[in-house]
Amino acid sequence: MRDEELIDILHHPLIESSRYHLAELMAHYFRLKVHGVKRLPARGPAIVVANHSGFAGFDAMMICHLLRKYAKRPYKVVAHRAYFDMFQALRVIARSCGFTEAKLAKAQEALQQDEMLLLFPEGELGNFKSSWQRYQLRSFHTGFVRLALATGAPIYPCLVVGAEESNFNLGNINLSRFIDHLVVPLPLNILPLPSKWTIEFLPPIRLDQEPTSRLNDHDWIHEKTREIQLLMQQRLKRKVRARRSIYW
């Protein structure tokens, strides 16, 4: 059976409804609190940039659920190529969930079609890091800044607090010799613990007034990427310190 036919099956209303209610159940389990979701635009291209945590991908699941529930508009999630290269079932599930390959051309195409793009600029090193390093952001890839410059899409930083305590991780194993940039985690628990979650969407960062020549200014792009990473790191630390409790 072709990928498109399988994806159509996974988009059946009953399956879509089940997926929505599962996400709602997870949100209740995590006692999720959401802030700033009304900042998300009702139309036009937009880039949501989030910290990656918890190894299991529940952070992506929850953010996608919020985009469906509140923004109510098409979106794509930039995902590792392993989702598309390993075997058909995983590829079909990934595409049915709105995943797109981590390639600038694919991401730019989505934004040019006025879709919203969710990406995790730390990559797999963000959510596969040791739990001893939780809420310490890994170096950001610069692709999202390049995309914002190329398309004029605003950048919406998104902070996830709580996922680091849902799934604990010892570290990771680098399998790049087999598949480029492939890293796998060493989890301590598979089922998530009931930590309390907060997801906050910060005010947009706009680069549409910058000249397109910035695309060739590698120093400026790295500086702007680092600036956004530092902003998110500072706000994350503040939110983590402000928590009164993690599980109760």
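**Helix packing and nonpolar cores in a predicted model**

In the predicted model, residues Tyr20, Leu22, Ala23, Glu24, Met26 and Ala27 of α2 are in contact with Phe58, Met61, Met62, His65, Arg68 and Lys69 of α3. The axes of α2 and α3 lie 10 Å apart, and the two helices pack at an angle of about 115°. Angles of 65 to 115 degrees count as roughly perpendicular, and α2 and α3 are therefore roughly perpendicular to each other. Their crossing is left-handed.

The chain as a whole contains nine helices and nine strands. Of its 248 residues, 46% are buried. When contacts between residues at least 6 apart in sequence are considered, 79% of them join residues at least 24 apart.

Helix α3 (58-71) has 14 residues, which should span 20 Å at 1.5 Å a residue; the C-alpha atoms at its ends are 19 Å apart, in agreement with that expectation. Ten residues of this helix are buried, namely Phe58, Asp59, Ala60, Met62, Ile63, Cys64, His65, Leu66, Leu67 and Ala71. Because 10 of its 14 residues are buried, α3 is largely enclosed by the rest of the structure.

The largest nonpolar core of the model comprises 32 residues. Within this core, the most contacts are made by Leu40, Met62, Ile63, Leu118, Trp197, Ile199 and Phe201. At least two core residues come from each of α2 (13-29), β2 (46-50), α3 (58-71), β3 (75-79), β5 (116-119), β6 (155-161) and β9 (198-201). The greatest contribution is that of α3, which supplies eight residues. Methionine 62, a buried residue of α3, illustrates how this core is connected. Leaving aside residues up to four places away in sequence, methionine 62 touches Ala23, Met26, Ala27, Phe30, Leu32, Trp197 and Ile199. A further core, of 27 residues, lies apart from the largest one and includes Phe144, Trp220, Ile221 and Ile228.

A second helix pair was examined next. The axes of α8 (residues 143-151) and α9 (residues 218-242) come within 9 Å of each other and cross at roughly 110°. By the same range of 65 to 115 degrees, α8 and α9 are therefore roughly perpendicular to each other. The crossing of α8 past α9 is right-handed, whereas that of α2 and α3 is left-handed. On the α8 side the contact involves Phe144, Val145, Arg146 and Leu149, and on the α9 side it involves His218, Trp220, Ile221, Lys224, Thr225 and Ile228. Among these contact residues, Phe144, Trp220, Ile221 and Ile228 also belong to the core of 27 residues.

Helix α9 consists of 25 residues and extends 36 Å from its first C-alpha to its last, close to the 36 Å expected at 1.5 Å a residue. Its buried residues are Trp220, Ile221, Lys224, Thr225, Ile228, Gln229, Met232, Gln233, Leu236 and Lys239. The elements that cover these residues include β1 (33-35), β2, α8, β6 and β9.

Strand β2 contains alanine 46. This residue is buried, with a relative accessible area of 0%. Not counting residues up to four places away in sequence, alanine 46 touches Pro41, Leu111, Glu115, Met116, Leu117, Ala153, Pro154 and Tyr156. Alanine 46 and glycine 152 are separated by 106 residues in sequence, but their C-alpha atoms are 8.7 Å apart in space.

Two loop residues were considered for their backbone angles. Most residues other than glycine have a negative phi. Phenylalanine 55, in the loop between β2 and α3, has a positive phi, near 60°. Lysine 72, in the loop between α3 and β3, also has a positive phi, of about 50°, although it is not a glycine. Lysine 72 follows α3. The two residues differ in their exposure: because a residue is buried under 20% relative accessible area and exposed over 50%, phenylalanine 55, at 14%, is buried, and lysine 72, at 65%, is exposed.

Terms used
Residues numbered from 1 in each chain as written. Predicted model: local features only at pLDDT ≥ 70, side-chain atom pairs only at ≥ 80, totals over all residues. Heavy atoms only, no water. Core = buried A, V, L, I, M, F, W, Y, C linked by side-chain atoms within 4.5 Å. Buried < 20%, exposed > 50% of the residue type's maximum accessible area, 1.4 Å probe, protein only. Helix = DSSP H or I, 4+ residues; strand = E, 2+ residues; numbered from the N terminus. Contact = heavy atoms within 4.5 Å. Expected span 1.5 Å × (residues − 1). Axes fitted to C-alpha atoms, helices over the stretch in contact; angles between N-to-C directions. Parallel < 35°, antiparallel > 145°, perpendicular 65-115°, else oblique. Left-handed = near helix turned anticlockwise from the far one by under 90°.
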